[in-house]
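Subject: Structure for your review

Dear colleague,

Please find below the sequence and structure that I am handing over to you. My findings follow directly after it.

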Amino acid sequence: MPSLVLPSPARGSLADAVVVAVRDAITSGELAEGTTYSVYQLAEILDVSRSPVREALLRLAEAGLVEIARNRGFRVVLPTAHDVEEIFEIRLALEPPAVRRAATRADAGQRDLVAAHLEAMGEAAERDDPAAFWPADRALHDALLRASGNTRAASIVDDLRATTALLGPPTTATGRSLREIHDEHAPIVDAVVAADADTAEDAMRGHLVETRSRLVAALT
């Protein structure tokens with residue numbers, strides 16, 4: 001059984017922390033596709049009871065990240081081109097309308113926050129620092145969705161992004177540099193800061209369509 005690290009459950013439940021630990025292990029390759037792992041071993045390694053592990057695995061199964069093997073444990077399932085199409089269909093239904101709302105309803109603090117996340121992405125791109133870039137990218141999308149007033153959408157999109165992250169580093173999977181990805185986000189943030197709802201929505205849609213096309217092409 002590989003080594004896993006349980007993050008501190010500062011926010012949320014113990015099951016939430018197990019979800020993060022399993023996601024991180026899948027992304028890093030510690031948990032390999034197609035291999036069956038024991039719930040009992042996972043609970044022992046993470047030093048938690050089996051109950052939060054089972055809850056976490058059920059949630060991961062619902063998200064399509066693992067497959068429950070009855071009486072045996074669970075297997076990692078990597079996304080297919082069809083999965084990516086479905087994921088982006090949902091994201092396209094949620095995120096462009098959300099940034100439209102964010103452009104019209106975000107307060108000064110929320111506008112400053114999304115601008116700060118974009119700036120952090122730009123600085124990380126200048127350093128060619130993916131370890132700093134991707135958390136800033138994820139935080140930017142989360143802040144935009146929360147600025148729209150829809151925290152449930154933010155949670156759903158975070159889960160969907162975790163699934164596509166299993167395909168590998170996005171710069172590899174999509175063929176874009178960190179700077180190019182940053183530059184796709186800049187019109188979205190600029191429009192939200194300027195309260196330009198039409199441009200914000202169009203820019204987010206364009207970013208998601210481009211990302212979807214590249215990910216699907218890489219899997220076919």
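In this predicted model, helix 3 covers residues 50–62, which makes 13 residues. From its first C-alpha to its last, helix 3 reaches 18 Å, close to the 18 Å expected at 1.5 Å a residue.

Helix 3 has a buried side. Its buried residues are Pro52, Val53, Ala56, Leu57 and Leu60. Viewed down the axis of helix 3, these buried residues fall within an arc of 135 degrees, so they line one face of the helix. The general pattern is familiar: an α-helix has 3.6 residues a turn, so residues three or four places apart point the same way. The other side of helix 3 carries Leu58 and Glu62, both of which are exposed. As for what covers the buried residues of helix 3, the list includes two helices, helix 1 (14–28) and helix 2 (39–46), together with strand 2 (66–69) and strand 3 (73–76). After helix 3 comes glycine 64, which has a positive phi, near 85 degrees.

Helix 3 also takes part in a pocket. The second largest pocket has a volume of about 280 Å³. Helix 3 gives the most to the lining of this pocket, with three residues, while helix 2, helix 3 and strand 2 each supply at least two. The full lining consists of Ser38, Val39, Tyr40, Arg54, Leu57, Leu58, Ile68, Ala69, Arg70, Asn71, Arg72 and Gly73. By character, the lining residues of the second largest pocket divide into six nonpolar, three polar and three charged. Two residues of helix 3 thus appear again here: Leu57, listed above as buried, and Leu58, listed as exposed, are both among the lining residues.

Two further residues may deserve your attention for their backbone angles. Aspartate 128 has a phi near 50 degrees, a positive value in a residue other than glycine. Aspartate 128 is located in the loop between helix 5 (108–127) and helix 6 (130–147). With a relative accessibility of 57%, above the 50% cut-off, aspartate 128 counts as exposed.

Alanine 195 likewise has a positive phi in a residue other than glycine, near 60 degrees. The loop that holds alanine 195 runs between helix 9 (178–193) and helix 10 (197–219). Because its relative accessibility is 44%, alanine 195 counts as partly exposed.

With kind regards

Note on methods
Residues are numbered from 1 along each chain as its sequence is written. This is a predicted model: local features need pLDDT of at least 70, side-chain atom pairs count only at pLDDT 80 or more; totals for chains, interfaces and linings use all residues. Side-chain values use heavy atoms; hydrogens and water are left out. Helices (H or I, at least four residues) and strands (E, at least two) are DSSP runs, numbered from the N terminus. The expected span of a helix is 1.5 Å times one less than its number of residues. Buried means under 20% relative accessible area, exposed over 50%, partly exposed in between (1.4 Å probe, protein chains only). The arc is that of the directions from the helix axis to the C-beta atoms. Contact means heavy atoms within 4.5 Å. On a 1 Å grid over the protein atoms alone, a cavity is a set of points where a 1.4 Å probe fits but cannot get out, and a pocket is an open set with protein on both sides within 12 Å along at least five of seven lines; lining residues have an atom within 4 Å of a point. Grid points are joined across faces, edges and corners, and a volume is the space filled by probe spheres set on the points. Ala, Val, Leu, Ile, Met, Phe, Trp, Tyr, Cys and Pro count as nonpolar, Asp, Glu, Lys and Arg as charged, and the others, Gly among them, as polar.
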